[in-house]
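Subject: Model for you to look at

Hi,

Here's the model I promised to send over. Could you have a look before we talk?

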Amino acid sequence: MSAPATPQARQPLENGARAGAPALGRPIKGPSALGSDPKRLWQLTWMLATTEFKLAFFGSALGYLWQLMRPLLLFGVIYAVISSVIGKLASVPFYPTALLLGIVLFNFYGESSGGGVASLINRENLVRKIQFPRLAVPLAIVLTALFNLVLNLVPVFIFLLAEGGRPRLSWLELPLLMAMLACFVTGLAMLLSVAYVRYRDVKPIWEVVLQMTFYASPIFYPITRVHSTTILGVHVNLAHVLMANPFVAVLQQARHALFGPGHPTAASAIGGGAMILIPIAILLVTLIVGFIAFDRAAPRVAEQL
Amino acid sequence: MRGYACPQTMSDLSIPPIVVEDVHKRFDIPREKVSTLKERAIHPLRRSATDTLRALRGVSFAVNAGEFFGIVGRNGSGKSTLLKCMAGIYATDSGSIYVNGRMSTFIELGVGFNPDLPARDNALLNATMLGLSPREARRRFDSVIDFAELKDFVDLKLKNYSSGMLVRLAFAVMIHVDADILLIDEVLAVGDAAFQQKCYDEFERIRASHATVLLVTHDMSAVQRFCDRALLLEHGRPVELGDPESVGGRYLELNFSQQAREAEEAASVAEDNQDSPRAHATVETSGAGAGENSSTGEADVPERRYGDGRAEIIEAWFEDENGARAEMLRTGLQCGFAARVRFNAQVENPLFGINVQNSHRDHLLSASNLWSDPRVGTFGPGDEVTFRVRFQNVLAPDRYHVTPAVAGHGGGWIDRRERMLSVVVSGTHGTDALLDLPYEVVIERGERQPPHAELVR
């Protein structure tokens with residue numbers, strides 16, 4: 001311990017050492033991902049997320065309507081085009097609702113991971129000006145996207161009931177599946193947000209990845225229609241490869257839960273039993289790696305912005 | 001004063017609110033500003049080159065309970081970095097910071113304010129960001145709005161607020177956060193004069209409430225106005241800690257005096273052992289071409305010199321109250337100017353004089369032996385003379401240029417060196433007057449009171 005600059009400082013230090021009692025206040029350790037108080041992390045996350053949600057609502061004239069229209073418009077285009085080009089898809093049970101569910105879930109996936117990329121940069125004024133648990137920033141993005149997801153699931157259920165779907169016990173799986181998807185995108189958002197602080201081409205790269213994911217996911221086609229193929233002389237069961245994406249696994253399981261046996265479970269779509277552990281493992285690894293990366297970067301992120 | 005909890009309510013008074021011990025902080029600044037994954041993929045092993053900026057190098061101090069403590073320094077001296085380290089926004093490299101009590105940081109007014117949201121949401125958001133729980137923020141909302149006198153504009157979007165209303169709202173939130181310790185950055189006081197005044201009014205109130213306050217600023221007048229003590233930082237190192245007067249004097253010295261700055265610089269360079277490229281970058285070249293004198297401050301302007309050459313002014317300097325050579329003079333003290341003159345030919349009764357100009361080129365002093373002692377005798381080739389002008393320094397803080405001259409008795413320049421050298425005058429009473437004359441202010445009350453209370457500066 002070096003000598004403090006002032007006698008005022010020296011005195012309490014020496015007293016403290018002699019008495020063996022703490023003569024100093026609490027130490028300031030600098031910023032961290034979680035902070036010392038989980039309640040505060042949650043309060044801030046909630047505050048940021050609800051503010052963002054309010055802005056989306058009241059910011060534009062259409063507000064809530066626009067939030068609902070976006071997936072529906074995309075749905076309209078895809079449905080009209082696909083059903084006229086590939087008429088056969090109409091035979092898939094609950095095809096329109098399955099398509100809308102795919103779009104809505106992908107929206108959530110894209111919104112939270114894509115929004116997560118630039119989240120730290122966009123919140124620069126907060127990160128550089130006040131001390132708070134840094135994790136609140138990407139978490140708030142995911143939470144806002146989750147609010148939107150809940151909103152967008154309303155028309156999905158309306159469609160389902162209109163198409164003649166009836167409530168089943170397996171609908172109760174849905175919250176669990178959404179929680180799993182939320183964990184996956186949280187991992188991605190944590191990882192991408194700190195990566196973007198260091199590498200500024202992460203954003204365009206991730207946009208491309210998202211677009212690829214859209215076509216490489218059974219959103220407007222059923223996974224059962226994806227056939228094995230030979231790529232560069234290697235026989236590949238393409239459906240099994242696509243199913244390794246945790247997003248796809250969640251989507252497939254959600255369809256099974258909502259629409260019944262017409263849509264296979266995620267486990268059977270990936271080729272049976274133990275294989276389902278692959279997307280689950282990817283999900284967990286993403287979450288853990290994302291947290292570790294974020295936790296390591298958090299103390300310094302304010303100076304690197 | 002409402003809004004503040006009694007200082008140190010939950011904490012032991014014997015523990016200082018803030019103790020900073022030997023804090024170091026360095027920044028690695030990459031040479032290439034933007035790095036991309038692509039580059040990383042192409043050159044996976046290349047380490048990106050970085051410059052190291054040592055922002056803080058061993059800062060220690062302690063703040064007493066209820067103290068208004070100033071941290072001053074020039075731009076880049078590390079004062080804002082220090083504040084951010086104390087606030088927990090930056091992690092320190094080494095050293096410790098201890099805080100006793102609830103602390104709140106105000107680096108910017110209204111952090112997180114969103115122009116598209118109404119005042120209500122912004123006030124709640126801001127209060128939450130500053131450390132209140134959302135419930136607590138809602139509970140105090142009415143009091144915030146009352147304090148800001150914005151009751152009629154609660155639902156108006158912030159983008160429609162005037163700047164004055166914005167300040168009122170932000171300050172109202174800030175002082176309702178109930179901190180024992182406030183860390184305040186100078187950026188609060190930027191903006192137009194009215195805005196500044198509003199901020200200063202609030203500082204005054206905070207000061208009166210006996211909260212412990214740390215104010216980071218480069219504005220010495222604010223320090224002298226509010227602070228009980230101040231710490232002066234230069235190149236990340238504490239230079240002076242003490243009462244605002246002495247710190248203020250030292251600060252002006254650093255600000256104006258090349259000499260003092262170079263001494264600091266040399267000290268830091270020596271200690272770093274070439275560690276800090278920034279330190280090298282800021283070393284300013286001392287004035288060349290000013291004869292035997294060191295810096296003139298306007299070194300690149302060629303000196304104009306007139307005269308027939310029968311004598312030469314070969315050296316000139318300023319002297320402080322003790323007669324020692326000085327590059328910095330303090331207002332209020334005795335000081336002097338001296339010049340050495342060598343004669344090359346015989347001159348009878350020459351006149352020696354100086355002319356002093358401030359930075360606006362107002363002539364403030366013309367002195368010569370014309371009226372006092374015109375018959376100084378005859379000087380021959382090879383004779384040397386040192387002439388001195390001693391005077392009470394009543395000059396206001398500024399940089400002054402001096403033109404010394406030697407003239408023949410009947411007229412005509414023998415040697416006149418325009419703006420040959422300059423000197424910095426420092427003082428702690430910044431006014432906009434040209435001179436800082438000694439004065440006293442007497443305030444006399446009417447009957448029933450003792451006849452006068454004197455304020456002597």
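Below is what I found in it, starting with how far to trust it.

This is a predicted model, so to speak of a local feature I needed pLDDT of at least 70, and side-chain atom pairs count only at pLDDT 80 or more, while totals for chains, interfaces and linings use all residues. Residues are numbered from 1 along each chain as its sequence is written, with chains lettered from A and ligands numbered from 1 in the order in which they are written.

The scores are ipTM 0.77 and pTM 0.70. Chain B has a mean pLDDT (the predictor's confidence in each residue, from 0 to 100) of 78, with 80% of its residues at 70 or more. Residues 273-300 of chain B fall below 50. Where pLDDT is low, the predicted coordinates should not be read in detail.

Now the strands (DSSP runs of E, at least two residues, numbered from the N terminus). Pairing here means that DSSP finds at least two bridges between two strands. In chain B, E1 (residues 18-30) pairs antiparallel with E2 (residues 50-63) over eleven bridges; B:Val23 has B:Val59 as its bridge partner. E1(B) also runs antiparallel to E4 (residues 94-99) of chain B, with five bridges, and B:Val20 sits opposite B:Ile97 there.

E4(B) reaches across to the other chain too: two bridges join it, antiparallel, to strand E1 (residues 26-27) of chain A. In that pairing, A:Pro27 is the bridge partner of B:Tyr98.

Cheers

How values were computed:
Contact = placed C-beta atoms within 7 Å. Helix = DSSP H or I, 4+ residues; strand = E, 2+ residues; numbered from the N terminus.
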